[in-house]
Amino acid sequence: MTELIEVRHLKVRHVPKKAAAKELVKGIDLSITKGRIIGIIGESGSGKSMAMKALMGLLPEGVQAESQSYLFDGQAVKDAADLPISMIFQDPMTSLDPVRTVGYHLREVIFRQQKLSKAACDQLAIQQLEKVGIPQPEQRLKQYPHELSGGMRQRVMIAMALLTNAQVLIADEPTTALDVTVQAQILALIQQLQEETELTVILVSHDFGVVAGMCDEVHVMLEGQFVESGSGEDIFYRPQHPYTKKLLQAAAFVEEDQGGASL
Ligand SMILES: Nc1ncnc2c1ncn2[C@@H]1O[C@H](COP(=O)(O)OP(=O)(O)O)[C@@H](O)[C@H]1O
Ligand SMILES: [Mg+2]
């Protein structure tokens, strides 16, 4: 079967002007099957975000990526930035303009895809907000990012990501900044979108509690490499690598004693 996206031997390097280069991602392979949720788990600093930003062509200055190949639907793609992927981040505020309304953000994304009238854009934006579970979408269009809760902002980011017509959604620590109840709601939304629309998702987290329940496949990342890969069940119930075992133990601690709060 042809994979939706295949990435072979992806490396990411920090090349500072006056110091030696450092490998941040040391040659990882990713096969992304349509309609699946793929988890990437590893401690902070293990290179998860750099690997994902490389797939988006969004690396910071001084950081370079190289790969043996990027394939989309079996066809070679020259530049990672041309892969049909969009990404949401831990803190939606960093990607939202504080002086622009929710409607402005959504219209911008829609208008880049297709030249519609403002009214038609709004109609599409409202539909999309409904799809991601935002109540009273007409009113929301007029609100500013700071007027929304963290969970609602992340829903807006997901709506924007889906409007780009990307086929893969990378969610990089999408719930880390949210409290546990809202975290569960956002994960449930991602799962629902995956089931209803066959969305393909790469879910990145440092927290096994987030990744364990909902991923078809999991890659465990340590110091720029995948040290263990397998089905969600294998990784969760039959971990082989000592690092995977350590992450599982850590997750068992954080699952206790966290109060929930509402949206
Ligand atoms: N802008 C940057 N320039 C150079 N190195 C960076 C930059 N941002 C992060 N790094 C380094 O890249 C490594 C991987 O970081 P990152 O991919 O953000 O880890 P993770 O997402 O797994 O927490 C870390 O060692 C980090 O210090
Ligand atoms: Mg990160």
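**View 1. Polar contacts between ligand 1 and the backbone and side chains of the predicted model.** In this predicted model, a polar backbone atom of Gly-45 lies 2.6 Å from an oxygen atom of ligand 1. A backbone N or O atom of Gly-47 is placed 3.1 Å from an oxygen atom of the ligand, while for Lys-48 it is an N or O atom of the side chain that stands 2.8 Å from a ligand oxygen. Taken alone, ligand 1 exposes 560 Å², and 66% of that area is buried by the protein.

**View 2. The shell of residues around ligand 1.** The ligand is surrounded by 13 residues, of which Gly-45, Gly-47, Lys-48, Ser-49 and Met-50 are the closest. Strand β2 (22-32) and helix α1 each supply at least two residues of this shell, and the largest share, three residues, comes from α1.

**View 3. Helix α1 against the sheet.** Helix α1, formed by residues 48-56, lies across β3 (37-41), β7, β8 (168-172), β9 (200-205) and β10, and runs at about 140° to β7. The buried residues of the helix are Lys-48, Ala-51, Met-52, Ala-54, Leu-55 and Met-56; of these, Lys-48 is also the residue whose side chain places an N or O atom 2.8 Å from an oxygen atom of ligand 1. In an α-helix there are 3.6 residues a turn, so residues three or four places apart point the same way. Just after α1, Gly-57 takes a positive phi of about 65°.

**View 4. The open sheet of six strands and its edges.** The strands follow the order β7-β8-β9-β3-β10-β11, and their pairing is mixed. Strands β7 (85-88) and β11 (225-231) are the edge strands, each of them pairing on one side only, and the twist from one strand to the next averages 20°. Strand β10 (residues 217-222) runs antiparallel to β11, to which it is joined by six bridges, and within this pairing Val-218 stands opposite Gly-230 of β11.

**View 5. Strand β3 and its two parallel neighbours, β9 and β10.** Five bridges join β3 to β9 in a parallel arrangement, and four bridges join β3 to β10, also in parallel. Gly-39 can be followed into both neighbours, since it faces Leu-203 in β9 and has Val-218 as its bridge partner in β10. Where does Val-218 lead in turn, on the β11 side? There it stands opposite Gly-230.

**View 6. Burial on the two faces of β3.** Strand β3 is mostly covered, with five of its five residues buried. In a regular strand the side chains alternate between the two faces of the sheet. On one side of β3 the buried residues are Ile-37, Gly-39 and Ile-41, and on the other they are Ile-38 and Ile-40, with both faces covered. Helix α1 is among the elements to consider here, as β3 is one of the strands that it lies across.

**View 7. Gln-128, a buried residue of helix α3.** Gln-128 is found in helix α3, which spans residues 118-131. Is this glutamine buried or exposed? Its relative accessibility is 7%, which lies under the 20% limit, and Gln-128 therefore counts as buried. Leaving aside residues up to four places away in sequence, Gln-128 touches Ala-159, Leu-162 and Leu-163.

Note on methods:
Residues numbered from 1 in each chain as written. Chains lettered and ligands numbered in written order. Predicted model: local features only at pLDDT ≥ 70, side-chain atom pairs only at ≥ 80, totals over all residues. Heavy atoms only, no water. Buried < 20%, exposed > 50% of the residue type's maximum accessible area, 1.4 Å probe, protein only. Contact = heavy atoms within 4.5 Å. Pairing = 2+ DSSP bridges. Axes fitted to C-alpha atoms, helices over the stretch in contact; angles between N-to-C directions. Near = heavy atom within 4 Å. Polar contact = N/O pair within 3.5 Å; in protein donor to acceptor, adjacent residues only side chain to side chain. Areas by Shrake-Rupley, 256 points an atom, 1.4 Å probe, with all protein chains shown as cover.
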